[in-house]
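Please look through the sequence and the model below, and then follow the explanation from one surface patch to the salt bridges and the nonpolar cores.

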Amino acid sequence: MERLKEIERSIIKQYRKPIWKKFIDAINEYKLIEEGDKIAVCISGGKDSMILAKCMQELQRHGKFHFDIVYLMMDPGYNEINRQKNKENCEILGLDVNVFTTEIFDTVVNIENNPCYLCARMRRGYLYKNAQKLGCNKIALGHHFDDVIETILMSMLYGGQIQTMMPKLHSTNHPGMELIRPLYYVKEADIIKWCKHNDLDFIQCACRFTEAYTNSHDGVGDSKRQEMKKLVEHFRKVHDPIEMNIFRSMYNVNLNTVIEYQKDGKRINFLDNYDERKVK
């Protein structure tokens with residue numbers, strides 16, 4: 001019990017500025033939580049979802065308005081080691097978790113094209129469905145600042161488009177449900193420091209694709225996101241503000257200098273009203 005208190009205390013004391021304050025800033029900035037919400041905090045067992053769960057728990061205890069929380073964990077086909085590790089960590093952190101099982105890993109294991117994309121979509125769908133069954137109107141995911149800027153870079157370099165990971169969005173397939181990302185401003189390096197400070201060891205990506213590659217390549221994962229992590233790390237060494245510039249670029253889009261963009265399924269080209277803007 002004393003260890004749990006120390007872990008919780010560290011969030012609002014030693015890591016108040018890099019984690020707790022940024023968590024609160026994102027919630028306030030993007031209006032992520034409202035009075036009367038019932039939120040399913042989705043726990044994968046990794047460090048990000050675990051620190052999210054503890055921050056949400058702390059906010060519920062001492063926040064200015066009332067909202068309910070359900071801690072929801074999906075087992076998509078974890079091996080027994082990861083399954084047991086998740087159970088132990090939830091006990092250490094004082095989290096009463098609702099667990100449900102799926103066969104997603106078995107379903108996507110033989111998919112050759114974009115298995116990660118299919119896996120992510122299926123997991124999201126199951127989380128929405130089960131959260132809705134529990135009476136929730138929102139699900140909270142543990143995506144952080146690094147995930148956001150990596151997504152921006154991946155979209156540009158591999159997708160040929162400019163888009164970002166939004167701080168919140170309405171579900172298109174589950175009416176009345178919303179997704180929120182309260183760790184939007186929190187950097188991954190600070191989450192890692194918090195874990196080390198409290199001697200916490202969480203599971204890594206439990207996906208079989210990542211697991212197999214990592215085991216045969218000296219611990220180096222093979223994914224586009226890993227490539228982006230290395231690229232961002234390089235940027236930090238070259239010029240530290242670059243990472244924030246990537247993030248802020250999504251706030252400073254000048255449509256007068258964009259060739260074409262999409263809005264609500266419609267494409268708008270700069271030539272559409274080019275002559276109308278001619279100086280007379």
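**From the surface to the core**

Met156 has a relative accessibility of 46% and therefore counts as partly exposed, a class that lies between buried (under 20% relative accessible area) and exposed (over 50%), with a 1.4 Å probe and protein chains only. The model is a predicted one, in which local features need pLDDT of at least 70 and side-chain atom pairs count only at pLDDT 80 or more, whereas totals for chains, interfaces and linings use all residues. Residues are numbered from 1 along each chain as its sequence is written, and side-chain values use heavy atoms, with hydrogens and water left out.

Met156 is found in helix α7 (residues 145-159), helices being DSSP runs of H or I with at least four residues and strands runs of E with at least two, numbered from the N terminus. Together with Leu157, Tyr158 and Ile162, Met156 makes a nonpolar surface patch of about 450 Å².

Helix α7 also takes part in charge pairing, since Arg225 in helix α10 (residues 224-238) and Glu150 in helix α7 form a pair that ties together parts 75 residues apart in sequence. Their side chains meet in a salt bridge at 3.1 Å, N to O, where a salt bridge is a side-chain nitrogen of Lys or Arg within 4 Å of a carboxyl oxygen of Asp or Glu. Arg225 is partly exposed at 25% relative accessibility, whereas Glu150, at 1%, is buried. Both residues belong to a network of salt bridges that also links Lys47, Asp48, Asp147, Glu188 and Lys229.

Across the whole structure, a search finds 20 salt bridges. One of them joins Glu34 to Lys138, with the closest N and O atoms 4.0 Å apart; Glu34 lies in the loop between α2 (16-30) and β1 (38-42), and Lys138 in strand β4 (residues 138-140), so that this pair links distant parts of the chain, 104 residues apart. Here Glu34 is partly exposed at 47% relative accessibility, while Lys138 is buried at 1%.

Turning to the interior, the largest nonpolar core (buried Ala, Val, Leu, Ile, Met, Phe, Trp, Tyr and Cys residues joined through side-chain atoms within 4.5 Å) has 50 residues, and Phe23, Ile33, Val41, Met56, Leu95 and Trp194 have the most contacts inside it. Helix α3 (residues 47-62) gives the largest share of this core, 7 residues. A second, separate core of 20 residues includes Cys42, Val108, Cys119 and Leu127.

Methods: Patches are made of residues with over 30% relative accessible area and no salt bridge: like charges are joined within 9 Å, nonpolar side chains (Val, Leu, Ile, Met, Phe, Trp, Tyr) within 5 Å. Accessible areas come from the Shrake-Rupley method with a 1.4 Å probe; for residues, only the protein chains shown count as cover.
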